[in-house]
Amino acid sequence: MAASVLAFTGLGLTTPAQANAATCKTLDASVMNSAGNWGGNVHGQFCIAASSAYLDDRYTHYVQDYAADGVAARAYVTASGITNGPLATDTTATPGGTPLDLWESTNPGVTSVRLWICLGTTFPGSSGARCASDIMYG
């Protein structure tokens with residue numbers, strides 16, 4: 001059996017497990033507030049596989065607001081051109097940040113995932129939005 005596996009490997013063929021293997025990356029972004037200070041941070045471990053993209057539930061994911069300025073920090077995710085969220089909203093009243101809701105895109109062929117942090121009620125791409133992001137490619 002080992003010889004046949006090596007033969008297939010030498011031919012460049014993949015097993016079903018290899019074909020469904022996910023590419024995973026930690027995404028992390030920080031945004032400045034209007035006063036020029038650190039306003040917040042978002043952190044998450046995302047994976048892209050052949051059939052979906054998802055927030056890896058084996059890790060801790062959070063959004064954290066740093067400034068007690070009355071402006072909350074919100075986390076969003078974009079995949080296949082669709083932005084979802086907020087996955088969580090945090091204010092400085094929550095010590096250590098707020099965990100992100102689990103997220104999964106079941107659209108096959110996702111090639112990138114972007115994690116956003118925005119301050120206030122703005123959405124990524126909105127006029128005047130104060131946002132930052134990190135991206136991964138599968």
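Read along the sequence, the chain follows the pattern α-α-β-β-β-β-β-β-β-β-β-β, which amounts to 2 helices and 10 strands. What we are looking at is a predicted model, and I would like to take its confidence next, before turning to individual residues.

The average pLDDT over the chain is 87, and 86% of the residues score at least 70. Residues 1-19, however, have a pLDDT below 50, and this stretch makes 4 contacts in the model beyond its near neighbours in sequence. Where pLDDT is low, the predicted coordinates should not be read in detail, and I will therefore leave the path of that segment undescribed.

For the chain as a whole, buried residues account for 37% of the 138 residues, and the accessible surface comes to about 7500 Å², with 54% of that belonging to carbon and sulfur atoms. If we take the contacts between residues at least 6 apart in sequence, 59% of them join residues at least 24 apart.

Let me now go to the region from β4 to β6. Strand β4 covers residues 62-65, and in the loop between β4 and β5 we find D69. What does the side chain of D69 reach? It reaches the backbone nitrogen of V71, at 3.0 Å. The same residue, D69, also has a pairing in space that can be set against its separation in sequence, since D69 and G39 are 30 residues apart along the chain while their C-alpha atoms are 8.8 Å apart. As for solvent, D69 has a relative accessible area of 36%, and it counts as partly exposed because that value falls between the 20% and 50% cut-offs.

Moving on along the chain, strand β5 spans residues 73-79, and S80 is found in the loop between β5 and β6. The backbone deserves a look here, in that phi of S80 is near 55°, a positive value in a residue other than glycine. Is S80 buried, exposed or partly exposed? With a relative accessibility of 42%, S80 is partly exposed, because the figure is neither under 20% nor over 50%.

The last feature brings us into β6 itself, the strand made of residues 82-90, in which P86 lies. The peptide bond that joins G85 and P86 is cis, with omega at about 10°.

To draw the local points together, then, we have in D69 a loop residue whose side chain reaches the backbone nitrogen of V71, in S80 a residue with positive phi, and between G85 and P86 a cis peptide bond.

Key: Residues numbered from 1 in each chain as written. Predicted model: local features only at pLDDT ≥ 70, side-chain atom pairs only at ≥ 80, totals over all residues. Heavy atoms only, no water. Helix = DSSP H or I, 4+ residues; strand = E, 2+ residues; numbered from the N terminus. Buried < 20%, exposed > 50% of the residue type's maximum accessible area, 1.4 Å probe, protein only. pLDDT = per-residue confidence, 0-100. Contact = heavy atoms within 4.5 Å. Polar contact = N/O pair within 3.5 Å; in protein donor to acceptor, adjacent residues only side chain to side chain. Areas by Shrake-Rupley, 256 points an atom, 1.4 Å probe, with all protein chains shown as cover.
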